[in-house]
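User: I'd like to go through this structure with you and hear the reasoning behind the labels. Could you show it first?

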Amino acid sequence: EAAGFKLYPQEISFNGLLILDRDGVTNKALGDVRVRQAINYAIDRKAMLEAAANGLGTVTTQVLGPSSPAYDATLDGRYPYDPVKARQLLAAAGYPNGFRLTMPAIAGTGNLPLATLTAAFLEDAGIKVVYDQQADLASYVSALTQGKFGIGWMQLQTSPSVAFVVADRIATGGPFNPFGTNRPQVTAWLDRIYAGTAEESNEAAKALNAYIVEQAWFDPWYRNQTFFAADANTVVTQQDTNTYPYLWNIRPKP
């Protein structure tokens, strides 16, 4: 900025935990909504944002971003940092002394601070995290999408397309729904999202988003901010789906 460049910030992805095993297949505790909610209360999202992204971004509890018709800003306050509440929920779910949770980690990558903080926050709430080191990112993603772990860290796009997010991480058969979680009400909403009018689709998307936040299917922490820069002689049209502009969205200033 001091050199005369204009910054174009964007928040098109989120960081957080994907709680994939919502039926308690790999770990019985994860099948209880109170445990999943406890995990959400246990993580200090603001601390995560500061530590891992230098504060550049916005805390959130949603896997859908502001550009999506399903987004509801009020939901971002659903799980304030509250380790006491987390421990109370664990006790109510039958885990007064906590439980052990195995998660994957990637050796030798930049997510080490996140992994360390995640374990510290969860342990403070009574959940003992044990990491299973994966050889590389490809192995890590494969382990999650194949259902080898019930929970794990991931950064995913907050696409404005509800259909994309649904197909990617909510619908049965999606890569980030490896356990095939299915609920009758979710199926009904998906039918309306795909086959309803625009108004019906948007209403169903909002209802679905509120449901997965309340049921704690995920534990998003923040939308991380990326940006690109252009000088005063360049005009750029931003997109909300791409980190950098397409070539046809860059032109000389008239």
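**Reasons behind the labels**

Analyst: Let's start with P220, which sits in strand β7; strands here are DSSP runs of E with at least two residues, helices are runs of H or I with at least four, and both are numbered from the N terminus. Bear in mind that this is a predicted model, where local features need pLDDT of at least 70, side-chain atom pairs count only at pLDDT 80 or more, and totals for chains, interfaces and linings use all residues. Residues are numbered from 1 along each chain as its sequence is written, and side-chain values use heavy atoms, with hydrogens and water left out.

User: Why does P220 count as buried?

Analyst: Buried means under 20% relative accessible area, exposed means over 50%, and partly exposed is in between (1.4 Å probe, protein chains only). P220 has 1% relative accessibility, so it counts as buried.

User: And what is P220 in contact with?

Analyst: A contact means heavy atoms within 4.5 Å. Leaving aside neighbours within four places in sequence, P220 is in contact with F14, N15, G16, L17, N40, R45, T60, T61, Q62 and V63.

User: N15 is on that list. What makes N15 buried?

Analyst: Its relative accessible area is 3%, so N15 gets the buried label. N15 belongs to strand β2, residues 13–19. Not counting residues up to four places away in sequence, N15 touches several residues, including W153, Q155, P220 and W221.

User: Which side chain does N15 join through a polar contact?

Analyst: That of Q155, at 2.9 Å. The definition asks for a pair of N or O atoms within 3.5 Å; within protein, one must be able to donate a hydrogen and the other to accept it, and residues adjacent in sequence count only if both atoms are side-chain atoms.

User: How about T118, buried or exposed?

Analyst: Buried, because the relative accessible area of T118 is 2%. T118 is in helix α4, residues 112–124. Leaving aside neighbours within four places in sequence, T118 is in contact with L17, I43, M48, M103, Y131 and W221.

User: Which residues of helix α6 are buried, and what do they pack against?

Analyst: In α6 (residues 162–169), V162, V165, V166, D168 and R169 are buried. The buried residues of α6 pack against β2, β6 (151–157), α7 (184–195), α8 (198–214) and β7 (218–224).

User: Now the loops. Why is N54 called exposed?

Analyst: N54 has a relative accessible area of 65%, so it earns the exposed label. N54 is in the loop between α2 (45–53) and β3 (57–59). Phi of N54 is near 55 degrees, a positive value in a residue other than glycine.

User: And A216, buried or exposed?

Analyst: A216 comes out at 0% relative accessible area, so it is buried. A216 lies in the loop between α8 and β7, and its phi is near 55 degrees, again positive in a residue other than glycine.

User: Zooming out, how many helices and strands does the chain have, and why is it called as compact as a globular protein of that length?

Analyst: The chain has eight helices and 10 strands. Its radius of gyration is 19 Å, close to the 18 Å that the globule rule gives for 254 residues, so it is as compact as a globular protein of that length. The radius is taken over C-alpha atoms, and the rule is 2.2 Å times the number of residues to the power 0.38.

User: What share of the chain is buried?

Analyst: 47% of the 254 residues count as buried.
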